[in-house]
Amino acid sequence: MPANRKVSKYDVRRVQDVKTPILRALAGSLFVVTLFAANPSQAVTVDVRGVAYDVTTVRGTFTDLISTLEQQVWYGDQDLALDLVATVGPQLVGVNGNAGPIFAFDEFAGDVRAALYFSGGVPSIGVIPGNNTLAYAIASKSTAIVPLPAPVLLLLTALTAIAAFRLKRD
């Protein structure tokens, strides 16, 4: 372009017409990437006894959470609670100071019998006062979504940008 040529409103509009769909496509792609990357519950998926579980934590007292904790698959099954602690404990250690989440499996005189994992230790059984505020484990059978590989995500982003550009151009 010659140095003395003025930029017209048409030239500015053409640049904006090209930039707008690309920016929208990039913003949409960023939203999708953020949606897939976000994991607010910090669930850990583990396989114990041939069943995959999404294990996360809920904070409160045993007394307040008893109705939720009694519904956990390991409630009433000390051995399953120990198996889960052995698998999950090292991954979530630190949610209760130097320990992992509490796997409550029984009530004992208002207190909770539970399996727990201490940093660098082994799974153990203990009785914890029912009025202590702690992080308790809760789980559901896993419905894990397999994440998209990076090349597929990049391809989807490029296709979205091309489609937006073509729609805007027509």
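**Entry 1: the β1–β2 hairpin**

I started at valine 48 and found valine 51 of β2 standing opposite. Note to self: this is a predicted model. I then looked at how β1 and β2 run, and they are antiparallel, joined by five bridges. Two residues sit between these strands in the hairpin, and arginine 49 has a positive phi near 55°.

Next I checked the side chains along β1, residues 44–48. Val44, Val46 and Val48 point to one face and are buried. Thr45 and Asp47 point to the other face and are not buried. That fits what I've learned: in a regular strand the side chains alternate between the two faces of the sheet.

**Entry 2: helix α2**

Which residues of α2 are buried? I got Phe62, Leu65 and Leu69, in a helix that covers residues 62–69. Looking down the axis of α2, I saw the buried residues fall within an arc of 80°, so they line one face of the helix. The textbook reason helps here: an α-helix has 3.6 residues a turn, so residues three or four places apart point the same way.

On the face turned away from the buried side of α2, I found the exposed residues Thr63 and Asp64. What do the buried residues of α2 pack against? My list reads β2 (51–60), β3, β4 and β6 (134–141).

**Entry 3: β4 and its neighbours**

β4 was on that list, so I went there next. This strand spans residues 111–117 and is mostly covered, with five of its seven residues buried.

I looked up the pairing with β3 (residues 103–108): antiparallel, over five bridges. Phenylalanine 108 has aspartate 111 of β4 as its bridge partner. The β3–β4 hairpin has two residues between its strands, and alanine 109 there takes a positive phi near 55°.

β4 also pairs with β5 (residues 123–128), again in the antiparallel sense, over six bridges. Here I found alanine 114 opposite glycine 126 of β5. These two strands form a hairpin with five residues between them. In that turn, glycine 120 has a positive phi of about 75°.

**Entry 4: a patch on the surface**

Last stop: the surface. Leu156, Leu159 and Ile162 make up a nonpolar patch there, and together they have about 270 Å² of accessible area. I placed isoleucine 162 in helix α4, residues 150–169. Is isoleucine 162 buried, exposed or partly exposed? Its relative accessible area is 44%, and the partly exposed range lies between 20% and 50%, so isoleucine 162 counts as partly exposed.

Key: Residues numbered from 1 in each chain as written. Predicted model: local features only at pLDDT ≥ 70, side-chain atom pairs only at ≥ 80, totals over all residues. Heavy atoms only, no water. Buried < 20%, exposed > 50% of the residue type's maximum accessible area, 1.4 Å probe, protein only. Helix = DSSP H or I, 4+ residues; strand = E, 2+ residues; numbered from the N terminus. Pairing = 2+ DSSP bridges. Patch = residues over 30% accessible without salt bridge, like charges linked within 9 Å, V, L, I, M, F, W, Y side chains within 5 Å. Areas by Shrake-Rupley, 256 points an atom, 1.4 Å probe, with all protein chains shown as cover. Salt bridge = Lys/Arg side-chain N within 4 Å of Asp/Glu carboxyl O. Arc of directions from axis to C-beta. Contact = heavy atoms within 4.5 Å.
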